[in-house]
Amino acid sequence: MLSRVKSVATIGLDTVEVVVEVDVANKGFPAFDIVGLPDKAVGESRARVKKAIENSGFNFPDKRITVNLAPADLHKEGSNYDLPIAVGILLASGEIEILSEPSEARNIEGYFYGELGLSGEVKSVRGTLLVAMAAKENRVSAIYAPIESAMEGSVVDGVAVYPVRNLRELVDHLQEKKQIEKVKHLEPGTLLDDVVGAVDMSEIAGQEMAKRAAEISAAGGHNLLLVGPPGAGKTMLAKAFPSILPPLLPDESLEVTRIYSVAGLLPAGVALMRRRPYRCPHHTASMISIIGGGSNPMPGEISLAHLGVLFLDELPEFPRSTLEVLRQPMEDGRVSITRAAGRAEYPAKFILLASANPCPCGYLNHPFKECSCGERQVEKYRSRISGPILDRIDLHVWVDPVEVSKLTYESKKVKAESEKLMESSLDIRERVERARERQHKRFSGLKGIYTNAQMGNKEVKKYCELSTEVSSFLQAMVKKYNLSARAYFKVIKVARTIADLAGEEVITISHVAEAAQYRENVW
């Protein structure tokens, strides 16, 4: 008897419907073959499926079993085919009874997706959200997924998601003996949380210019480079940065969750990523871990930071080859990874937040301490960050060491006045959220553009009109700082964000002047 059960293959963030065809033949010697370009994990499913069926109380057919994973030219990998193969065998052998014509193949509606343990338990696999989205796109009414990852599919409307605990429970459901209660649909907007940073901006003494640059960066999604001596507060400012980021929009949350789902990084029982990602890889991280890769291309740090923050502390300590691979993703907001097994494309629209010391010892241009580095040492150190990478960073800020008087208070009066001047993260985030709301309305008809930093040159010309006076001033700034064409447009985008923070629709000279000062050479 022949049976057909549907499943899904994930290739990056793309999905392909896979039909699992199972034939249980009475003729021939007993055997169990799987064809259709299976990898090692799929091949090993023979042992898992057989023991899972037997330990669930069913009879495993002592016949010639042939499993075909169609389309046959698509490489199949992973343990997620265990469940559809087991259901197909039980269906073809008659253990699952359904009404069908004797001459027709037995079919069950829905996508089956999960790994089997030897006891028949259905174990969690990555990519359940993508399976639910594929079901909606292909008009498949239901999916059967492991109970640990079924919540991922609950955010997709119009698809019934059945959380499966074990194989026996699934068979009872399919034979209508005991129904599995489907997961309730959840609206993405009801699951999002406010961001709580490890450090509040009010805890950072001084550094008003750096705080202002951080506010602009968070409001418009602009890249930010902080350069200064050790102990100036660069890392502390980076830790406080998430506390001023706006919450994820529902559409943004779905984009981020898809990446974490396919990477297998979504915690069990969690339906959505509720906060903006904040990734902080060590400078010893490999190029593959940053950009993504592997035999089956998986997302790297730049994709895991999509619509969030990628913080590279001590930027010059990263190998130059690792930094150079950031060029194309920073420009296009996407990364394409090609391997022998296939090609995958992942989004990578992140805010690059980087910090660096000005020299190996860290005290170049320090007002009190003398630098111990030679001129050639400084040149060699600074050459680790190339011009093209620096050109892609919108905001360049020098962070001066904090004066002792700002860290200690000689009187209660001075302390009270200082605390009034130091804004909390909540105050800054309110302005950031208002600026993001203006951008959301501005780009409501454009797919994939959420912030000013994500605008292309076409959008800049449409949404950032400059008067003759402002345009002349900008041209003077371009000549003064010797800016490239890319930097020219980045100054306009930053000016647009500064105007949004001020609640103004028209970009003025003051907005451009502030934006241009962040292009001063601090490196």
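The exercises below, each with a worked solution, concern a predicted model.

**Exercise 1. The parallel sheet**

Task: Work out in which order the strands of the open parallel sheet lie, and which strands form its edges.

Solution: Begin with the order of the 5 strands, which is E11-E14-E17-E10-E18, with parallel pairing throughout the open sheet. The edge strands are then E11 (278-279) and E18 (395-398), each of which pairs on one side only. Next, follow the pairing of E18 with strand E10 (residues 224-227), where 4 bridges join the two parallel strands, and where Leu224 has Leu395 in E18 as its bridge partner. Finally, add helix H6 (residues 208-220), which packs on this sheet by touching E10, strand E17 (351-356) and E18, and whose direction makes about 165° with that of E18.

**Exercise 2. The antiparallel strands**

Task: Describe how strand E2 is joined to E1 and to E4.

Solution: Take strand E1 (residues 2-11) to begin with; it runs antiparallel to strand E2 (residues 14-25), and 10 bridges join the pair. Within this pairing, Val8 stands opposite Glu17 in E2. The two strands form a hairpin with 2 residues between them, and Gly12 in the turn has a positive phi of about 65°. Then turn to strand E4 (residues 64-70), which is joined to E2 by 7 bridges and is likewise antiparallel to it; here Val24 has Ile65 in E4 as its bridge partner.

**Exercise 3. The surroundings of Thr257**

Task: Decide whether Thr257 is buried or exposed, and find which backbone nitrogen lies 2.9 Å from a polar atom of its side chain.

Solution: Locate Thr257 in helix H8, which spans residues 250-262. Its relative accessibility is 0%, and because buried means under 20%, Thr257 counts as buried. The backbone nitrogen in question is that of Met273, at 2.9 Å from a polar atom of the Thr257 side chain. Leaving aside residues up to four places away in sequence, Thr257 touches Leu129, Leu266, Ala271, Leu272 and Met273.

**Exercise 4. The largest nonpolar core**

Task: Explain where the largest nonpolar core lies with respect to domain 2 and domain 3.

Solution: The largest nonpolar core has 51 residues, and those with the most contacts inside it are Met201, Leu224, Leu226, Phe241 and Leu353. Its largest share, 9 residues, comes from helix H20 (residues 485-501). Since domain 2 (205-432) and domain 3 (455-522) both give residues to this core, the core lies between them. For a closer view of Met201, note that the residues it touches, not counting those up to four places away in sequence, include Leu237, Phe241, Ile244 and Ile428. Apart from this core lies another, of 44 residues, among them Val227, Ala305, Met330 and Val522.

Notes: Residues are numbered from 1 along each chain as its sequence is written. This is a predicted model: local features need pLDDT of at least 70, side-chain atom pairs count only at pLDDT 80 or more; totals for chains, interfaces and linings use all residues. Side-chain values use heavy atoms; hydrogens and water are left out. Buried means under 20% relative accessible area, exposed over 50%, partly exposed in between (1.4 Å probe, protein chains only). A polar contact is a pair of N or O atoms within 3.5 Å; within protein, one must be able to donate a hydrogen and the other to accept it, and residues adjacent in sequence count only if both atoms are side-chain atoms. Contact means heavy atoms within 4.5 Å. Two strands pair if DSSP finds at least two bridges between them. Axes are lines fitted to C-alpha atoms, for helices over the stretch in contact, and angles run from 0 to 180 degrees between N-to-C directions. A nonpolar core is a set of buried Ala, Val, Leu, Ile, Met, Phe, Trp, Tyr and Cys residues joined through side-chain atoms within 4.5 Å. Domain bounds come from an automatic or database domain assignment.
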